[in-house]
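Colleague: I would like to take a close look at one part of this model, the open sheet, and then follow its strands outward to whatever they touch. Could you walk me through it slowly?

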Amino acid sequence: QVQLEESGGGLVQAGGSLRLSCAASGRIFTIGAMGWYRQAPGKQRELVATITSGHSTHYADSVRGRFTISRDNDKRTVYLQMSSLKPEDTAVYYCNVDRLTTSWGPQYDAWGQGTQVTVSS
């Protein structure tokens with residue numbers, strides 16, 4: 001069974017920074033695109049940023065220039081460096097992998113349990 005474990009969330013003042021991490025574990029052979037999504041109270045889950053296995057990145061307009069996504073393929077980990085945080089960035093942040101190949105076969109659309117990020121004004 002593949003697991004995605006997030007860490008690094010917390011409470012920060014506006015203008016501050018946080019770094020989220022998400023590590024994949026299990027009998028994994030390959031990992032496809034990895035990404036971060038977020039869901040604020042009363043709102044739909046939305047894309048924050050994605051990164052392919054070849055390190056091509058994509059950002060939501062609302063975070064471009066403030067957030068940086070990266071990954072370490074050897075550690076099977078994706079990171080989200082968040083800077084210049086705003087109260088509207090407050091949400092539960094979820095890690096996602098679009099496709100993995102494992103000893104049990106392919107697995108699609110894997111999600112972590114989420115980590116809370118709260119930005120105070």
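Modeller: What follows starts at the sheet and moves from there to the core, the aromatic rings and the loops.

Please keep in mind throughout that this is a predicted model. The sheet is built from 4 strands in the order β1-β3-β9-β8, it is open, and its pairing is antiparallel. Its edge strands are β1, covering 3–7, and β8, covering 67–72, each of which pairs on one side only. From one strand to the next, the twist averages 15°.

Taking the β1 edge to begin with, this strand is joined to β3 by 5 bridges, and the two run antiparallel; within that pairing, Q3 stands opposite S25 of β3. In a regular strand, side chains alternate between the two faces of the sheet. Along β1 this can be followed residue by residue, since L4 and E6 point to one face and are buried, whereas Q3, E5 and S7 point to the other face and are not buried.

At the other edge, β8 pairs with β9, residues 77–82, in the antiparallel sense over 6 bridges, and here S70 stands opposite Y79 of β9. The ring of Y79 also has a charged partner: the charged end of R19 sits over it, 4.1 Å from the ring centre.

The sheet strands also lead into the largest nonpolar core, which has 32 residues, and among these W36, L80, M82 and Y93 touch the most other members. In soluble globular proteins, nonpolar side chains tend to be buried together. At least two residues of this core come from each of β3 (18–25), β4 (28–31), β5 (34–39), β6 (46–51), β8, β9, β10 (91–102) and β12 (115–120), with β10 giving the most, namely 5 residues. Y93 shows how widely such a residue can reach along the sequence: leaving aside neighbours within four places, its contacts include E6, L20, W36, F67, L80, M82 and V117. Y37 and R38 are also among the contacts of Y93.

Y37 deserves a closer look, as it belongs to the 1 aromatic pair that the structure holds. Its partner is W111, and the arrangement is edge-to-face, with 5.1 Å from centre to centre and 65° between the planes. Because Y37 lies in strand β5 and W111 in strand β11 (residues 105–111), the pair ties together parts that are 74 residues apart in sequence. Y37 is partly exposed at a relative accessible area of 21%, and W111 is likewise partly exposed, at 32%.

R38 leads on to the loop between β5 and β6, where Q44 is placed. With a relative accessibility of 72%, Q44 counts as exposed, and beyond its neighbours within four places in sequence it is in contact with R38 and Q39. R45, for its part, lies over the face of Y94, at 3.7 Å from the ring centre.

Two backbone details remain. S84, in the loop between β9 and β10, has a positive phi of about 50° although it is not a glycine, and its relative accessibility of 43% makes it partly exposed. D109, in strand β11, also has a positive phi, near 55°, in a residue other than glycine, and it is partly exposed with a relative accessible area of 46%.

Technical notes: Residues numbered from 1 in each chain as written. Predicted model: local features only at pLDDT ≥ 70, side-chain atom pairs only at ≥ 80, totals over all residues. Heavy atoms only, no water. Pairing = 2+ DSSP bridges. Axes fitted to C-alpha atoms, helices over the stretch in contact; angles between N-to-C directions. Core = buried A, V, L, I, M, F, W, Y, C linked by side-chain atoms within 4.5 Å. Buried < 20%, exposed > 50% of the residue type's maximum accessible area, 1.4 Å probe, protein only. Contact = heavy atoms within 4.5 Å. Phe/Tyr/Trp six-rings, centres within 6.5 Å; stacked < 30°, edge-to-face > 60°. Lys NZ or Arg CZ within 6 Å of the ring centre and 35° of its normal.
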